[in-house]
Amino acid sequence: MAALISFIVFCQALGALVGAGSTVWGEIAYIHALRDGKIDHAERQHLRAIAHGLRWGMTLLLIASFALIVVAYLSHSGAQPAVTASYWTLITFALLIVDVSWALSRKHLSFALGSAIAFTAWWLLAYLTIGWMPALSFGATVAFFVVATGIFYAILQYARMLARPKK
């Protein structure tokens, strides 16, 4: 049973790392596409490939999270993951990424804000699944997320400003 749990945790971390890596790759590709002032068909295809990586990472993360709950329940584990703050933080960030991605695709949210939210949430998911995030309460984690999103928003906007063609 320990080997199965280790494999599921590995899959969960892999999904989060794939998503976080894809967000960095996507931002770099987007900034590269902005250099000439327009996004052509090849660049759009490249961005779609990155979106598929994000979708794959999220699917793996959510399936592994669900599998951890089922395995913990079936093994009558004393510490059920579904009653921990870190699990609900992980699920909240995953749902936030899904909602923000939907809002971006429907143009209900500005690209700058939506990409900063998704970027920050993916990296916090990666840190949570790897275990590099300190044990914080749910409220403290949300406060940290808000501050980190503001910082990443400024950094990403500055990078995009530098990448725009000079007139």
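Which helix gives the largest share of the lining of the second largest pocket? I began my notebook with this question, keeping in mind that the model I was looking at is a predicted one.

**Entry 1: the pocket.** I looked up the second largest pocket and noted that about 350 Å³ of space lies in it. Three elements each give two or more residues to its lining, namely helix H2 (41-74), helix H3 (85-105) and helix H4 (111-130). The answer to my opening question is H3, which supplies five residues, the largest share. The lining has 20 residues in total, and those that lie nearest the centre of the pocket are Thr84, Ser86, Tyr87, Leu90 and Leu128. When I sorted the lining by residue type, I wrote down 12 nonpolar and eight polar residues, with no charged ones.

**Entry 2: threonine 141.** Next I turned to threonine 141, which I found in helix H5, covering residues 138-163. Is threonine 141 buried or exposed? I noted it as buried, because its relative accessible area is 4%, and the cut-off for buried is under 20%. Leaving aside residues up to four places away in sequence, I listed Thr89, Phe93, Met133 and Leu136 as the residues that threonine 141 touches.

**Entry 3: lysine 107.** Last, I looked at lysine 107, which lies in the loop between H3 and H4. I recorded this lysine as exposed, because its relative accessibility is 73% and exposed means over 50%. What stands out about the phi of lysine 107? Its phi is near 60°, a positive value in a residue other than glycine. I added a reminder that most residues other than glycine have a negative phi.

How values were computed: Residues are numbered from 1 along each chain as its sequence is written. This is a predicted model: local features need pLDDT of at least 70, side-chain atom pairs count only at pLDDT 80 or more; totals for chains, interfaces and linings use all residues. Side-chain values use heavy atoms; hydrogens and water are left out. On a 1 Å grid over the protein atoms alone, a cavity is a set of points where a 1.4 Å probe fits but cannot get out, and a pocket is an open set with protein on both sides within 12 Å along at least five of seven lines; lining residues have an atom within 4 Å of a point. Grid points are joined across faces, edges and corners, and a volume is the space filled by probe spheres set on the points. Helices (H or I, at least four residues) and strands (E, at least two) are DSSP runs, numbered from the N terminus. Ala, Val, Leu, Ile, Met, Phe, Trp, Tyr, Cys and Pro count as nonpolar, Asp, Glu, Lys and Arg as charged, and the others, Gly among them, as polar. Buried means under 20% relative accessible area, exposed over 50%, partly exposed in between (1.4 Å probe, protein chains only). Contact means heavy atoms within 4.5 Å.
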